[in-house]
Protein chains: 6
Amino acid sequence: MAHDIATVTRRYKFAASHRLHCDRLSAAENVRVFGKCNNPNGHGHNYVLFVTVRGRIRPDSGAVVDGATIDRIVNECVVKRFDHTDLNLDPGFANQTTTGENLVRFVWELLVKEMPDVELDKVGLIETRDNYFEYRGEAVACR
Amino acid sequence: MAHDIATVTRRYKFAASHRLHCDRLSAAENVRVFGKCNNPNGHGHNYVLFVTVRGRIRPDSGAVVDGATIDRIVNECVVKRFDHTDLNLDPGFANQTTTGENLVRFVWELLVKEMPDVELDKVGLIETRDNYFEYRGEAVACR
Amino acid sequence: MAHDIATVTRRYKFAASHRLHCDRLSAAENVRVFGKCNNPNGHGHNYVLFVTVRGRIRPDSGAVVDGATIDRIVNECVVKRFDHTDLNLDPGFANQTTTGENLVRFVWELLVKEMPDVELDKVGLIETRDNYFEYRGEAVACR
Amino acid sequence: MAHDIATVTRRYKFAASHRLHCDRLSAAENVRVFGKCNNPNGHGHNYVLFVTVRGRIRPDSGAVVDGATIDRIVNECVVKRFDHTDLNLDPGFANQTTTGENLVRFVWELLVKEMPDVELDKVGLIETRDNYFEYRGEAVACR
Amino acid sequence: MAHDIATVTRRYKFAASHRLHCDRLSAAENVRVFGKCNNPNGHGHNYVLFVTVRGRIRPDSGAVVDGATIDRIVNECVVKRFDHTDLNLDPGFANQTTTGENLVRFVWELLVKEMPDVELDKVGLIETRDNYFEYRGEAVACR
Amino acid sequence: MAHDIATVTRRYKFAASHRLHCDRLSAAENVRVFGKCNNPNGHGHNYVLFVTVRGRIRPDSGAVVDGATIDRIVNECVVKRFDHTDLNLDPGFANQTTTGENLVRFVWELLVKEMPDVELDKVGLIETRDNYFEYRGEAVACR
């Protein structure tokens, strides 16, 4: 029954450095496109990550999912991988820039198959206090 | 006309204690499922509640709804009921656990019929800074 | 491909004064409808504005849109217009009240045609810490 | 005994409009000194006020002061006076500008004699997210 | 040299329930003094704890103290003790109420002797978003 | 007169990468002292900087200092220097680690001689949401 559906969002954080740079662009184009985010020695952020799952409220537990399970998965697959690292050196970014857009999509890909009996609804990311990115897989296409 | 539709979210808060415990589970299972949230003497939270309504911007007032009316309803039906109480003793939780999921659904049920000429869009709840729950009635089913 | 779609939200702020008052209502009705927000000499807010765009993650840059371009547009069309002003004196509010609902719709109208190869997804506005408004154009109608 | 001393800070808020303007300065000087805060029609803020009292933890109640009493005093003397008003029209600002500095000092003066068996320690004020003012009476002089 | 002195504040959190009640007061007096905080079944909070230490910046590490050491001490002595419990059942509150004032003083007492080569400067506690308590031992007496 | 004294705090931000590493320590010691902050490729933060000045409220302007002047100085001397850079490559950190303690002290040194007719009171820095550093020059010694 539809009335059993809720979403649960859990918040995580990781501190990482990165530099926005695209090998296919010239140095001048990189500066034009990425501005100071292309500064040669990189910079960093305290990333805040929101993982939202969506599912049926289970009658026994009253929960959509066991929070500790989600925490374990996100910490294993995402936080440990990125926390206190340079994102540009991560293999997942070998062929793409470390923009917030690519980062939320990559986090989605890392998590979507790991979800235990619950649907991954969206992945959100605060990069700076004035910058937020969100990715919802295919769902967003049929808004 | 579709262009008249907006949503308004108002924020409320209440402080309450609770304990996650399911009578149908054994003591050991309760610990496994709920972890420290099953500690025998309960604990508590500063809950932050977001009530979102959705409707036509009325030409005269320029408002979707009179905010004071929403405040009165939410305070009467929800905040007064839960603020500075033990949620586990509330009759609405006699047969279900006081999880965030059950709580947002219960708040939805308390509010949905009270809405004055405006549609209840969603109910959100922050339980801790890393934990957020959301319920949208049937709407969520046809995302 | 649907998997290329993400949203980007950028945050802006402006401080402005306003007074909720509708010429078509009597003085008594204005007080009843708007309460203290109808106080004759106005009051003010630190408005926080969220502009969300939605589009394809471009393969080269890894971005949905150039953030600096969005910033330039929003600052030119919205922030400069409203920051450190009295909203009631803005021509856009000559015939409508300066409610949060009218304000998010007006910001949408100011921005929607300026978007560079990207879709305006929603406009959100925090008026006070307990008050949030959102407008999505026609999209909201087919939720 | 010194070990009985603690401070308690309570937070309040009020929304008000103001304009920074000094009659003793020329129009050009006003613009130079106050910038856009001197814009003719004023603007506004969501002010956040912090009132800190300091005193002995009373053995019976375990409190330095009855919070409800402080709330009543601050609401009566400050919040009601300023909330949803134009600060420039307040008699207390007839001869001084409505800067954050003058405002915290004025709030201090309004409150310091009303304190019930407890010492006013400091008054803090957030005007915008990037702007905070603090006043401590004579205490600050002997830092 | 004085120029080597800095303070470091680290933030912790715990969720707990409590009830303000003083055995030496009558039922009526308890209600009068503590209001809804005296409700019979208790309520709860997400407490946010700030522990500030003060000391010399060590030339080698550039740190006043090893943050991991402070974390271990505060987690062992305070967070584990209070998180997901009913404060009223803690032995430390057998003879005193669980007010914010008594709580910050008690946290100070739990920590002050455990500090490793660094001075405990102050203990702060947010109980609700409008309520903050601070304790500084004897230091506060000679402001 | 003491009653003229107030403090003004202004908030700034910069995103930077860094790595905690001390050349005088062995690799093993560096890991022991700095933990994951010593990871070889560095990481990053969204730093939030608070600059507090203290002085007489000037009768004409009602301000302790011209905010735009402080902003210009802090932006020139600090924000531009550190924003979107790798702190470890800054000449100021050639001989000291990029800890929060060294960073607030260094910011103090960059600013203290630039202050225009106003006293620098303290420099505060948020490195992560659970980590805050503060430096007050000699003042802190005579607490």
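**Contacts and symmetry in a predicted six-chain model**Chain A and chain F bury about 1,800 Å² between them, with 48% of it on carbon and sulfur atoms; buried area is the accessible area (1.4 Å probe) that two parts lose on being put together, summed over both. This is a predicted model, in which local features need pLDDT of at least 70 and side-chain atom pairs count only at pLDDT 80 or more, while totals for chains, interfaces and linings use all residues. Residues are numbered from 1 along each chain as its sequence is written, chains are lettered from A and ligands numbered from 1 in the order in which they are written, and side-chain values use heavy atoms, with hydrogens and water left out.

Trainee: Which residues of chain A lose the most area to chain F?

Mentor: The contact (heavy atoms within 4.5 Å) takes 23 residues from chain A and 23 residues from chain F. Three residues of chain A together account for 33% of what that side buries. They are N46(A), H84(A) and R129(A).

Trainee: How many salt bridges are there between chain A and chain F?

Mentor: A salt bridge needs a side-chain nitrogen of Lys or Arg within 4 Å of a carboxyl oxygen of Asp or Glu. K13(F) and D130(A) form one, at 3.9 Å from N to O. The count between the two chains is 4.

Trainee: Which element supplies the largest share of the side of chain A that touches chain F?

Mentor: Between chain A and chain F, 13 residue pairs are in polar contact, both residues at pLDDT 80 or more; a polar contact is a pair of N or O atoms within 3.5 Å, where within protein one must be able to donate a hydrogen and the other to accept it, and residues adjacent in sequence count only if both atoms are side-chain atoms. On the side of chain A, β1 (5–18), β2 (43–56), β3 (85–86) and β4 (119–128) each supply at least two residues; strands (E, at least two residues) and helices (H or I, at least four) are DSSP runs numbered from the N terminus. The largest share, 5 residues, comes from β1(A).

Trainee: What symmetry axis relates chain A to chain F?

Mentor: Copies are superposed by least squares on the C-alpha atoms of residues with pLDDT of at least 70 in both. Chain A can be laid on chain F with an RMSD of 0.0 Å by a turn of 180° and a shift of 0.0 Å along the axis. The same surface serves both copies, as 100% of the contact residues of chain A recur in chain F. The relation is that of a two-fold axis.

Trainee: What symmetry axis relates chain C to chain A?

Mentor: Laying chain C on chain A takes a turn of 120° and a shift of 0.0 Å along the axis, with an RMSD of 0.0 Å. That is the relation of a three-fold axis.

Trainee: Is H84(F) buried or exposed?

Mentor: H84(F) is placed in the loop between α2 (67–82) and β3 (85–86) of chain F. Leaving aside neighbours within four places in sequence, H84(F) is in contact with K36(A), C37(A), N39(A), G42(A), H43(A) and A15(F). Buried means under 20% relative accessible area, exposed over 50%, and partly exposed in between (1.4 Å probe, protein chains only). At 8% relative accessibility, H84(F) is buried.

Trainee: Which residues of chain E does S61(D) touch?

Mentor: S61(D) is in the loop between β2 (43–56) and α2 (67–82) of chain D, and S61(D) is buried at a relative accessible area of 7%. The side chain of S61(D) reaches the backbone nitrogen of A63(D) at 3.1 Å. Not counting residues up to four places away in sequence, S61(D) touches V33(E), F34(E), T97(E) and T99(E).
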